[in-house]
Amino acid sequence: MDNNYTTYDEGLMNSVATGRAWRALIAYSEKNKSVHMQNLFARDPDRAKRYSALFEDIYLDYSKNRIDDEGMSLLLDLAQECDVAKGIQRMFAGEHINITEDRPVLHTALRNRSDRAVLVDETDVMPAVRKVLSRIEKFSNAVRGGRWQGHTGKAISDVVNIGIGGSHLGPQMVTEALQAYAQSGLRVHFVSNIDGVDISRTLQTVNADTTLFIIASKSFTTQETMTNAHAARDWFLQQGATEADVARHFVAVSTNRNEVARFGIDTDNMFGFWNWVGGRYSLWSAIGLPIVLSVGFARFSELLAGAHAMDEHFRRTPLEQNLPVILALLGVWYINFLGARSHAILPYAEHLRWLPDYLQQADMESNGKQTNLHGSFVDYQTGPVLWGSPGSNGQHAYFQLLHQGTHLVPADFIAVVNPSHDLATHHELLLANCLAQSEALMLGRTLEQTTEQMRADGYDDDTIQRLAPHRVFDGNRPSNTILLRQLEPRSLGSLLALYEHKIFVQGLIWDINSFDQWGVELGKQLASEILPELNEGPAQGRNTSTRLLIEYCRSQTDKKH
C-alpha cells in the first residue's frame, strides 16, 4: 500500500470484496448459514480445547462461534491475501502507515520494554520515551510521597484530570480498573464533559490548597478541555490563591510550550508526547499520568510490560495462533458475511465498568471509515457499533435482545477468576452468571425442550400451547469468553493491547486507515461557528433547522445566568 490515490472506479477494482478469499467466504457462509453451534460441538468433542488459547494469565475461549475449521482456514486465507503479516511489520518498523496525516503509528514504542531501538525517520525514539517516563516517575513519587506540596504547604490529597476523548477515557478506565492498587488518601477525579455540571460537581468535592490539576491536551487548544481548565483556574484563584500559586497546583500533558506557559503552568511541569501517538492510544504515554499518581510508577510499569508482552506475541506469532488476529477475523466474519452490525463488550467485573466506553472510542473512531487507503468509498461494511456495560446489570436490561431479538450481536464476555475482595459468594454468583449467559446464548432452547420443561413444572396443555413460543430461544448466538486470573496491571495491559491490535488487523483487512479521525472535524468547526450565534443570532445561510434551534435557545435563555 502506498500514498497514491486512485479514482473511485479504480478503487473498487482493487476492493478486498472482489478477491478470491472474500468470494470463498461468501460461498462458505451460504453453505453453512443454518449450521448450529450445538452441532459443531457434537461433531468435535475437542472443539473447546482447540478453539481456546492461554496467554500468560489470560484465557481466551472462542469455541462458541459459528464457524468450523474450514471457515477459520478461509479467514486466514483472507488475512494472507490482505498481507496482514506485512502490515504488522510495517507498523512496528515505524513506517508512515497513517497516510492521511503522514505519520508513523508507534504507541507500541511507549511500552517497549526491550533494548530494541524504535526508529522514526531513522531516529531512535526510545531515549526520548525513557526520558519522559523518568520525569513522570520522579514527579509522581514526589506527589505520592507528600514532597510536592500545595501553596499552603499541605500535601496533595486530590488529583483532577481535565481532558477529553483519549486524554480522558483511557486514564479513567485504567485508574478505575486498578482501584485495588490505588494509594490510600489520594483521590483521582476525571472531568471531560463541556457541560458545566461536570467540572462544578467535581470542584465541590475538593479543596483548593490540596488539589493538583492535570490539563491533558496535546495542542493545549482543545475547546472543551481548555474551557474546563480555565473554569478550574478561575475557581482556584477565587479560593484565595494567587497567580503565582497556579504553578504549584496545575501541570500539563501537552506539546504546546507557549500555551502552557501562557496559562500559568511552569513548563518544567509539562509532560510531552509525540505526533506518532494517537489520542485513543495515548494512555501509555504521559497521558497516563493520573494512572501513575493513583497506583504508582512500579504498577504503571507492569501495565506497560503486559502490553509489551502482547505486542511481542502479535509481532512474532504466526497468524493462525495470533490472538489479536483470531479475534479480528471472527469480527470480520460476522460483520461482512453474517450481517452483524454491532458488537457487545460485557465485563463481569465492576472495576472494568469503563472498558466498553474506552473500547467504543478505540474501535469506532479507528474503523468507522467509509474511504479506503486509495481514497475510494468502500463497497462493504467496516467497523461495528460497539457497546456494553457491566454484565450482571446488563442481564436485567438489554440481554433480552441478545437472546431473543432479531439482531445478530456477537459478544465478548470478560471476567476475573480471582477477585480483589473477600466476598466469595458474590464472586461465585457473578462468575456463574457470566458462564451461564454465554452458554444460554449458544444453546438456546427449542419448542420441544420448552414444552417438556413447562409440563414438568405443572403447566396444563392450554397454557403450554399459549406460552411456550414466547419462551423459545433460537440460540446459536456467538460469543468469546476472556478470563483474567486476576485483574492486575500486567494482565490489564495485555488485554488492552489485545483489543488495540484486533482493531488494527480489521483495518488492514478493510483497507482503511485506522489511525485518523477526520469524521470529528466538521462538528468541531460548526460548533465554533454556532457558538457566537447563540448570542448574536444565526448567520445568513444557516440551514433552517439549525437556525430555528438557535432562535429557540436564544428566546428561552435566562439572561440572568
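## Helix packing and two open sheets

Helix 17 and helix 23 are roughly parallel to each other, because their axes cross at roughly 20 degrees, and angles under 35 degrees count as roughly parallel. The model is a predicted one. In it, the axes of helix 17 and helix 23 come within 10 Å, and the crossing is right-handed. The contact draws on a good many side chains. On the helix 17 side, Leu355, Tyr358, Leu359, Ala362, Asp363, Ser366 and Asn367 take part. Their counterparts in helix 23 are Leu495, Leu496, Tyr499, Glu500, Ile503, Gln506, Gly507 and Trp510. The spacing of such residues has a simple background: an α-helix has 3.6 residues a turn, so residues three or four places apart point the same way.

Helix 17, which covers residues 355-367, also meets helix 9, residues 169-177. Here the axes come within 9 Å and cross at roughly 150 degrees, which makes helix 9 roughly antiparallel to helix 17. This crossing is left-handed. Leu169, Gly170 and Met173 of helix 9 are set against Leu355, Asp357, Tyr358 and Gln361 of helix 17. Leu355 and Tyr358 turn up again here: besides meeting helix 9, they belong to the set that meets helix 23.

What about helix 23 itself? It runs from residue 489 to 510, and its 22 residues span 32 Å from the first C-alpha to the last, close to the 32 Å expected at 1.5 Å a residue. Most of helix 23 is covered, with 21 of its 22 residues buried. Right after the helix, Asp511 adopts a positive phi of about 60 degrees.

Part of that setting is a sheet. Six strands form an open sheet in the order 1-2-13-12-10-11, and their pairing is mixed. Strand 1 (52-55) and strand 11 (385-387) sit at the edges with a single partner strand each, so one side of each lacks a neighbour in the sheet. On average, neighbouring strands are turned by 15 degrees against each other, direction ignored. Helix 23 packs on this sheet and touches strand 1, strand 2 (58-61), strand 10, strand 12 (411-418) and strand 13 (479-486). The direction of helix 23 makes about 155 degrees with that of strand 13.

The pairings within the six-stranded sheet can be taken in turn. Strand 2 and strand 13 run antiparallel and are joined by four bridges, with Ile58 partnered by Leu484 of strand 13. Strand 12 and strand 13, by contrast, run parallel, with seven bridges between them; Asn418 stands opposite Gln486 of strand 13. Towards the other edge, strand 10 (residues 342-348) pairs with strand 11 in the parallel sense over three bridges, and the bridge partner of His343 in strand 11 is Leu386.

Just past strand 2, the loop leading to helix 5 (69-81) holds Asn65. Is this residue buried or exposed? Asn65 counts as buried, because its relative accessibility is 2% and the cut-off for buried is under 20%. Leaving aside neighbours within four places in sequence, Asn65 is in contact with Met37, Leu40, Arg47, Leu330, Tyr334, Pro478, Ser479 and Asn480. Among these, Ser479 and Asn480 fall within strand 13 (479-486).

A second open sheet has five strands in the order 6-5-7-8-9, with parallel pairing. Its edges are strand 6 (187-191) and strand 9 (270-271), each with a single partner strand, so one side of each is left without a neighbour in the sheet. Inside it, strand 5 (residues 158-162) and strand 7 (residues 211-216) pair in the parallel sense over five bridges, and Val160 stands opposite Phe213 of strand 7.

Two loop residues round off the picture. Most residues other than glycine have a negative phi. Phe220, not a glycine, has a positive phi of about 60 degrees. Phe220 lies in the loop between strand 7 and helix 11 (223-238), and its relative accessibility of 3% makes it buried. Asp121, also not a glycine, has a positive phi of about 50 degrees. Its loop connects strand 3 (119-120) with strand 4 (123-124). Unlike buried Phe220, Asp121 is exposed, with a relative accessible area of 55%.

Note on methods
Residues numbered from 1 in each chain as written. Predicted model: local features only at pLDDT ≥ 70, side-chain atom pairs only at ≥ 80, totals over all residues. Heavy atoms only, no water. Pairing = 2+ DSSP bridges. Axes fitted to C-alpha atoms, helices over the stretch in contact; angles between N-to-C directions. Contact = heavy atoms within 4.5 Å. Expected span 1.5 Å × (residues − 1). Buried < 20%, exposed > 50% of the residue type's maximum accessible area, 1.4 Å probe, protein only. Parallel < 35°, antiparallel > 145°, perpendicular 65-115°, else oblique. Left-handed = near helix turned anticlockwise from the far one by under 90°.
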